[in-house]
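Subject: Structure for you to look over

Dear colleague,

I am passing on the structure below, followed by my notes on what was found in it. Please read the notes with the coordinates open beside them.

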Amino acid sequence: MTAGYRSPKAPAVRSGPRLGPVFVAEYRLLLRSVCTKGRLIAITMLAGLSVLTAVAIALADPFDPVFRGVGFVNGNIATLIPVAVLVFGAAVLGDLIDDGSLVYLWLRPVPSWIHVLAAWLATVTIVVPLVLVPVVASTLFIDTSGSLLAPAALGGFVAVAAYGGLFVTLGVRFKRALPWGLVYILIWEGFIAAAGKTATKLAVRSYVRSILGSMTDTHLKLGEFSLGVGIVVPLLVAAAALAYASRRLAKTDVA
Amino acid sequence: MTAVAAAPEVPMIEADRASKWFGDVVAVSDVSFRIGPGVTALLGPNGAGKSTLLRMLCGLTPPDRGAVRILGADPRRDISVRAQIGIVPQQEAMFEALTAFEFVRLAALLHGVEDPAGAARWALDLVELDHADHRSTTTYSKGMKQRVKVAQALVNDPAVVVLDEPLTGLDPRQRGHLIELFGRLGQQGRCVIVSSHVLDEVERFGSRVLVVAQGRLAATGDFRAIRDLMDDRPHRIRVRTDRLREVATELISSPGVLAVRLEPAAAGRAGAVIVDTTDAPLFRRSVAAAAQRADATLLEVAPLDDDLDSVFRYLVGR
């Protein structure tokens, strides 16, 4: 179709872009774009605060380190990790939608799931080293045996993946994704999830607590699911959210 | 709507009764047109619906009613047709973290260009930007950013080029360069649609216009032909001569002449008779005879209101 329009010096175009290199290029772009100095400093400071909290817990009470360590990880999974994922995940595509630069990704022969998956991976890539690794490593201050490392790493990663899916979607869906995300984290997961069994099933936190509880043989409030359910359900939720975000992005009005 | 010139048989861009509204505000109303290769200027005052219409044409926003097609496909549903579209959007924002070269190379990669780096160098050369410049585009002037946007729009050698106010912020030399570039793209068979509210610019793009006013298509075609069709408005013609009164006397009795006015000589220029006529072609045929009868020399016969500015003011004001 294009042959008649091409000038002699113009570049040759394939029948369609190769999705592998396109995905990598978008992932790198989104990673660079979302890592603003302000966001990095704010989240690094929160992660530092978490490390100091672990040190304080270790110094304050040396008894029952596993129980206290699980409490520490649980606290971080309830607050620091979702907030960090929200800050980056909601912005990674949300910023492009807000300033109109999404047009440079959208008006290309590239399926929308590539944009969404690259955004999710960029979010996970930032939050894992910036927040999850310090939190997991800090458990060593509380429980020097290292028995908390695996549950904290697995639970934390599932939380990052699930919240990543939800908050990337939130950024695609809402103009003011940050307050909506905070409402979800603080109000829904913080209070409403404890109100009944149905609400408990609709909170990522419940599943991640189940992973921690199952792997450390401790009982955590709301953590009533098996290890398998604790892992699989949040990942399915993330996948469903990303599928919705892809569909939504394909149909969105682009500035 | 005033329509002039036959629609192309195989349209590259087609709008079929397309409408778009935002809440109670009708941004584009029942717009239909077909355009083929060449440069077409989309003209209208600020807020007339030009950008919304361009966004609809590219598939960036769906029409609430009607349909748009590019190269026969719906750009919203058929993502493969997007490989044939190059767009310069109105908004200034680009990917801040990237250099101009990285930005244009990314566009090439996403379009499936075989050698993205080579294509990026080619496109940046077209707009006279240095592909070895390692600065982020955030440090660029508005004019340089516009040229980067044009480069990314052309990097895939698209069949359809959509340009929303592409000359904003450019200096006169760069404006001239890009106008010449767009003209060349049109001559090569691409469909180039350029929106602007600056009439001088539009006149330089060519004579084919789509005039949008208050969301409706007010006219489409060659603006000079559009002017000729405006029968309800007299044509104004200046006749510069050495014998003003005598020529004016002859002209006032010519068929189709509604009024004459004398413009005295000034600043070394001969005086002129300003004539309002309902039939410009007839007047042009009769003016020489009138001058002969008055024993006068005709120095100039020039239309005063068949420029784009005049056509535009008439169309958007009626």
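Glu26(A) is placed in helix α1 of chain A, where helices are DSSP runs of H or I of at least four residues and strands are runs of E of at least two, numbered from the N terminus. With 24 C-beta neighbours inside 10 Å, Glu26(A) counts as buried; the term buried applies if 20 or more other C-beta atoms lie within 10 Å of a residue's own, exposed if 12 or fewer, and partly exposed in between, with C-beta atoms placed from the backbone. Leaving aside residues up to four places away in sequence, Glu26(A) touches Leu105(A), Ile114(A), His115(A) and Ala118(A), a contact being counted if the C-beta atoms of two residues, placed from the backbone, lie within 7 Å. Of these, Ile114(A) is 88 residues from Glu26(A) in sequence, yet the two are 8.1 Å apart in space, C-alpha to C-alpha.

Before going further, please note that this is a predicted model, in which local features need pLDDT of at least 70 and side-chain atom pairs count only at pLDDT 80 or more, while totals for chains, interfaces and linings use all residues. Residues are numbered from 1 along each chain as its sequence is written, and chains are lettered from A and ligands numbered from 1 in the order in which they are written.

Helix α1 of chain A also takes part in the interface, in which 34 residues of chain A are in contact with 39 residues of chain B. On the chain A side, the elements that give two or more residues are α1 (19-34) and α5 (103-106), and α1(A) gives the most, with six residues. That side divides into 20 nonpolar, seven polar and seven charged residues, where Ala, Val, Leu, Ile, Met, Phe, Trp, Tyr, Cys and Pro count as nonpolar, Asp, Glu, Lys and Arg as charged, and the others, Gly among them, as polar.

Across the interface, the axes of α1(A) and helix α2 (residues 100-111) of chain B come within 9 Å and cross at roughly 145°; axes here are lines fitted to C-alpha atoms, for helices over the stretch in contact, and angles run from 0 to 180 degrees between N-to-C directions. The crossing of α1(A) and α2(B) is left-handed, the word used if the near helix is turned anticlockwise from the far one by less than a right angle, with right-handed used if it is turned clockwise. Pro21(A), Val22(A), Ala25(A) and Leu29(A) of α1(A) make this contact with Leu106(B), Leu109(B) and Leu110(B) of α2(B), and by class the residues are seven nonpolar, no polar and no charged.

Turning to chain A as a whole, there are 11 helices and zero strands, and the C-alpha trace spans about 80 × 35 × 30 Å along its principal axes. Of the 255 residues of chain A, 50% count as buried, and residues 24 or more positions apart account for 77% of the contacts with a separation of 6 or more.

Within chain A, the axes of helix α4 (residues 80-99) and helix α8 (residues 177-189) come within 10 Å and cross at roughly 150°. That makes α4(A) roughly antiparallel to α8(A), since angles under 35 degrees count as roughly parallel, over 145 as roughly antiparallel, 65 to 115 as roughly perpendicular and the rest as oblique. The crossing of α4(A) and α8(A) is right-handed, and the residues in contact include Leu86(A) of α4(A) and Ile185(A) of α8(A).

Helix α11 (residues 227-251) of chain A has 25 residues and reaches 37 Å from its first C-alpha to its last, close to the 36 Å expected at 1.5 Å a residue, the expected span being 1.5 Å times one less than the number of residues. Its buried residues, among them Gly230(A), Pro234(A) and Leu249(A), pack against α6 (112-142), α7 (149-173) and α10 (204-216) of chain A.

In chain B, two residues have a positive phi of about 55° although neither is a glycine, namely Asp30(B) and Asp295(B). Asp30(B) sits in strand β3 (residues 25-35) and is partly exposed, with 16 other C-beta atoms within 10 Å, whereas Asp295(B), in the loop between α9 (280-293) and β14 (298-303), is exposed, with 10 such atoms within 10 Å.

With best regards
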